[in-house]
Amino acid sequence: MKVAVLFGGTSAEREVSVTSGAAVFVALKEAGHEVLAVDTATGLLTSEEERQLLEGGIAPDPPERDHLAAIRHQSPSSLTGSSQLRDMDVLFLALHGGSGENGTIQALLDLSGIPYTGSGLRGSANAMDKDTAKKLFTVGGILTPAWRMSPVTTKEVRDAIGFPAIVKPNQQGSTVGLTLVSDSGELQPAVALAHRYDDEVLIEQYIAGREFTVPILDDHPLPVGEIIPRNREIFDYTSKYQAGEAEEIFPAEITAEQTTELQALGLRAHQQVKAEMYSRVDFRMDSAGRFWCLEVNTLPGMTGASLLPKAAQAAGIAFPELCERICQMAIKRRGRAL
């Protein structure tokens with residue numbers, strides 16, 4: 001196959017995307033495919049830039065807007081109009097956040113006719129907009145924590161949600177800009193932090209308990225994983241991307257009945273937002289044993305520490321095979337035969 005790996009961009013998840021892109025690039029190369037590396041912000045990488053890509057890592061904190069604004073930017077339409085990309089069999093989207101995951105790139109690629117991995121416009125937009133996704137979960141009979149959208153008064157939050165509460169950007173991933181708020185005095189600073197990453201802010205009921213994830217591949221659930229952050233109440237940005245900050249157990253140590261229930265809920269949430277091919281669905285289990293759906297990630301991380309590859313490995317699927325299977329799904333479903 002001829003594959004272009006798209007990564008980077010200018011979202012707050014840029015560093016995560018670069019690391020995902022590097023991992024996929026190496027895996028597909030090792031599997032014998034012809035692979036190009038393309039930063040959606042700066043274009044096709046040179047050989048030297050490819051070398052530098054493989055040496056990168058993820059800082060403990062997401063990049064600031066000023067840093068992202070300084071990155072040279074090309075328009076998405078010029079990217080999709082590239083003759084080099086049109087010559088590819090498939091585009092592997094290793095993008096996270098922003099226009100790479102909210103349906104913008106997907107809509108342009110649909111118009112260009114180039115097969116690409118992951119969800120299309122509708123699924124990407126539905127899942128990235130947490131307010132919309134939670135409404136879809138509710139309609140589908142899937143428990144999700146109570147929520148309100150800012151602006152909202154402290155009294156409204158106290159009455160409808162209570163404290164502690166989660167405050168986060170409505171359209172952002174990797175827990176960027178997220179705060180666990182213990183009392184009313186912390187609410188407005190947390191809203192201000194979330195506004196640094198998004199114009200819309202969501203305030204959500206905090207569900208104390210164990211955290212689980214259900215990766216979906218080819219519209220089928222993989223082994224359930226449990227996430228145990230070290231010295232933290234939530235699986236935050238540092239826990240996700242810094243070595244030793246969290247324990248991730250695949251398969252999760254729960255009963256067979258709980259595994260079946262979680263997998264069914266994960267698949268239903270995946271379908272409810274109209275996600276395609278693969279995703280990762282996150283849950284909390286409360287003290288009564290009820291599972292609460294937090295969100296669907298339509299382009300989950302593909303780094304060495306990422307949850308989807310760990311679940312695939314637990315199912316006997318090595319990382320290069322996982323990347324190949326995702327590419328083959330895209331070619332099969334989006335109409336360009338090899």
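In the predicted model, pLDDT (the predictor's confidence in each residue, from 0 to 100) stays under 50 over residues 235-242, a stretch for which the model nevertheless has 37 contacts beyond four places in sequence, contact meaning heavy atoms within 4.5 Å. A second stretch, residues 59-64, also has pLDDT under 50 throughout, with 17 contacts beyond four places in sequence. Where pLDDT is low, the predicted coordinates should not be read in detail. Among the elements of the protein chain, helix α11 (residues 237-241) has the lowest mean pLDDT, 46, and α12 the highest, 98; the mean for the protein chain is 86, with 85% of its residues reaching 70 or more. Because the model is predicted, local features need pLDDT of at least 70 and side-chain atom pairs count only at pLDDT 80 or more, whereas totals for chains, interfaces and linings use all residues. Residues are numbered from 1 along each chain as its sequence is written, and side-chain values use heavy atoms, with hydrogens and water left out.

The protein chain contains 14 helices and 14 strands, which are DSSP runs numbered from the N terminus (helices H or I, at least four residues; strands E, at least two). Of its 338 residues, 55% count as buried, that is, under 20% relative accessible area, with exposed over 50% and partly exposed in between (1.4 Å probe, protein chains only). Residues 24 or more positions apart account for 70% of the contacts with a separation of 6 or more.

An open sheet is formed by four strands in the order β5-β8-β6-β7, with antiparallel pairing, two strands being paired if DSSP finds at least two bridges between them. Its edge strands, β5 (147-149) and β7 (179-181), each pair on one side only, and neighbouring strands are turned by 25° against each other on average, direction ignored. Axes are lines fitted to C-alpha atoms, for helices over the stretch in contact, and angles run from 0 to 180 degrees between N-to-C directions. Strand β5 is joined to β8 (residues 201-205) by three bridges, and R148 stands opposite I203 in β8. Helix α10 (residues 187-195) packs on this sheet, where it touches β6, β7 and β8 and makes an angle of about 25° with the direction of β6.

Helix α8 (residues 130-139) lies across β5, β6 (165-169) and β8, running at about 145° to β5. The buried residues of α8 are K130, D131, A133, K134 and F137; they are on the same side of the helix because they cover an arc of only 160° around its axis, the arc being that of the directions from the helix axis to the C-beta atoms. Their cover includes α7 (121-128), β5, β6, β8, α12 (256-272) and β14. In strand β14 (residues 291-297) is found E295, which counts as buried because its relative accessibility is 14%. Leaving aside residues up to four places away in sequence, E295 touches K130, F137, R280, V281 and D282. After α8 comes G141, whose phi is positive, near 75°.

Elsewhere, strand β1 (residues 2-7) pairs with β4 in the parallel sense over four bridges, and L93 in β4 is the bridge partner of L6. From β4 (residues 90-93), V90 and F92 point one way and L91 and L93 the other way, and all are buried.
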